[in-house]
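I opened the notebook to record what I looked up in this model, strand by strand and then helix by helix. Entries follow in the order I made them.

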Amino acid sequence: MLSTDAIADMLTRIRNALKVKHADVIVPASKEKAAIAKILLEEGYINGFEIKNNGKFDDIVISLKYDENGNSIIQGLKRISKPGLRVYAEASKLPKVISGLGIAIISTNKGIVTDRVARAMNVGGEVLVFVW
C-alpha cells in the first residue's frame, strides 16, 4: 500500500487494532517509525516491538498494551505535523499534552524524542505526534 504519510498510516493501524482489541499490529518498517515505537515502549504505552523481515521488506510488529479490565493504555493518538502543513516549535514553546499527562513526540536535530527530553536538551523541532 502506498501511503503519502507513513506516520499517519502507522497511527491509524494502531488505533484500529486497539478498537478491535488485537494483541499485535504489523506496520511497514522505517527508521522513523522504529524510533516512535521505541518511545512508545519507553513511556509504557506498548508492551514491545520487534522488527521482522518478511522477505523483501521489514515489518515492525508492535505488541499492544491493555490494563486488567481490557482497556487500552493508549487513549489517544493524534498526528500534528502533516505533509501539507508542517508544525514546528522552538524549545521554549514545546507543547504539553493534557497538562503533562500525555507526551508529544518531537523530531529534533538530535533525533526523535519526547517533549520532556527535548526541553531538557533545550532543542525544538517538528511536532510529530501527541499520545495520551
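I started with Ser 107, which stands opposite Glu 126 in β8. The model is a predicted one, and I read every entry below with that in mind.

**Entry 1: partners of β8**

I looked up Ser 107 again from its other side: in β7, its bridge partner is Ile 112. I then turned to Glu 126, which is also the bridge partner, in β8, of Tyr 88.

Which strands does β8 pair with? I noted β6 (residues 103-108), which pairs with β8 in the antiparallel sense over 5 bridges. Strand β4 (residues 77-79) is joined to β8 by 3 bridges, and the two run antiparallel. Strand β5 (residues 88-89) is joined to β8 by 2 bridges, again antiparallel.

I wrote down two further residue pairs. Arg 79 has Val 129 of β8 as its bridge partner. Ile 103 stands opposite Val 131 in β8.

I checked burial next. Strand β8 covers residues 125-131, and 7 of its 7 residues are buried. For β6 the count is 5 of 6 residues buried.

**Entry 2: the β6 and β7 hairpin**

How many residues lie between β6 and β7? I found 2, and the two strands form a hairpin. Strand β7 covers residues 111-114, and 4 bridges join it to β6 in the antiparallel sense.

**Entry 3: Ser 81**

I looked for the place of Ser 81 and found it in the loop between β4 and β5. Is Ser 81 buried or exposed? Its relative accessibility is 0%, so it counts as buried. I listed its contacts, leaving aside neighbours within four places in sequence: they are Arg 86, Val 87, Glu 126, Val 127 and Leu 128. Glu 126 thus appears again, having been noted as the residue opposite Ser 107.

**Entry 4: positive phi values**

I looked at two residues other than glycine that have a positive phi. Ser 99 has phi near 55 degrees. Ser 99 sits in the loop between β5 and β6. It counts as exposed because its relative accessibility is 74%, and the cut-off for exposed is over 50%.

Asn 122 has a positive phi of about 60 degrees and is not a glycine either. I placed Asn 122 in the loop between α3 (115-121) and β8. At 59% relative accessibility, Asn 122 also counts as exposed.

**Entry 5: the sheet of β1, β3 and β2**

What is the strand order in this sheet? I read it as β1-β3-β2: 3 strands form an open sheet, and the pairing is antiparallel. The edge strands are β1 and β2 (46-53), each of which pairs on one side only. Neighbouring strands of the sheet are turned by 25 degrees against each other on average, direction ignored.

Helix α1 (residues 6-19) packs on this sheet and touches β1 and β3. The direction of α1 makes about 165 degrees with that of β1.

I then looked at β1 in detail. Strand β1 (residues 24-28) is joined to strand β3 (residues 58-64) by 5 bridges, and they run antiparallel. Pro 28 stands opposite Asp 59 in β3. Which residues of β1 are on the covered face, and which on the uncovered one? Val 25 and Val 27 make up the covered face, while Asp 24, Ile 26 and Pro 28 make up the uncovered one. I added a reminder to the margin: in a regular strand the side chains alternate between the two faces of the sheet.

**Entry 6: helices α1 and α2**

I looked up helix α2 (residues 31-42) and found that it lies across β1, β2 and β3. Helix α2 runs at about 155 degrees to β2.

How do α1 and α2 lie to each other? Their axes come within 10 Å and cross at roughly 40 degrees. That angle is why α1 counts as oblique to α2. I recorded the crossing of α1 and α2 as right-handed.

Which residues make the contact between the two helices? From α1 I listed Ala 6, Ile 7, Met 10 and Ile 14. From α2 I listed Glu 32, Lys 33, Ile 36, Ala 37 and Leu 40. Sorted by class, the contact of α1 with α2 has 7 nonpolar, no polar and 2 charged residues.

Conventions
Residues are numbered from 1 along each chain as its sequence is written. This is a predicted model: local features need pLDDT of at least 70, side-chain atom pairs count only at pLDDT 80 or more; totals for chains, interfaces and linings use all residues. Side-chain values use heavy atoms; hydrogens and water are left out. Buried means under 20% relative accessible area, exposed over 50%, partly exposed in between (1.4 Å probe, protein chains only). Helices (H or I, at least four residues) and strands (E, at least two) are DSSP runs, numbered from the N terminus. Two strands pair if DSSP finds at least two bridges between them. Axes are lines fitted to C-alpha atoms, for helices over the stretch in contact, and angles run from 0 to 180 degrees between N-to-C directions. Contact means heavy atoms within 4.5 Å. Angles under 35 degrees count as roughly parallel, over 145 as roughly antiparallel, 65 to 115 as roughly perpendicular and the rest as oblique. A crossing is left-handed if the near helix is turned anticlockwise from the far one by less than a right angle, and right-handed if clockwise. Ala, Val, Leu, Ile, Met, Phe, Trp, Tyr, Cys and Pro count as nonpolar, Asp, Glu, Lys and Arg as charged, and the others, Gly among them, as polar.
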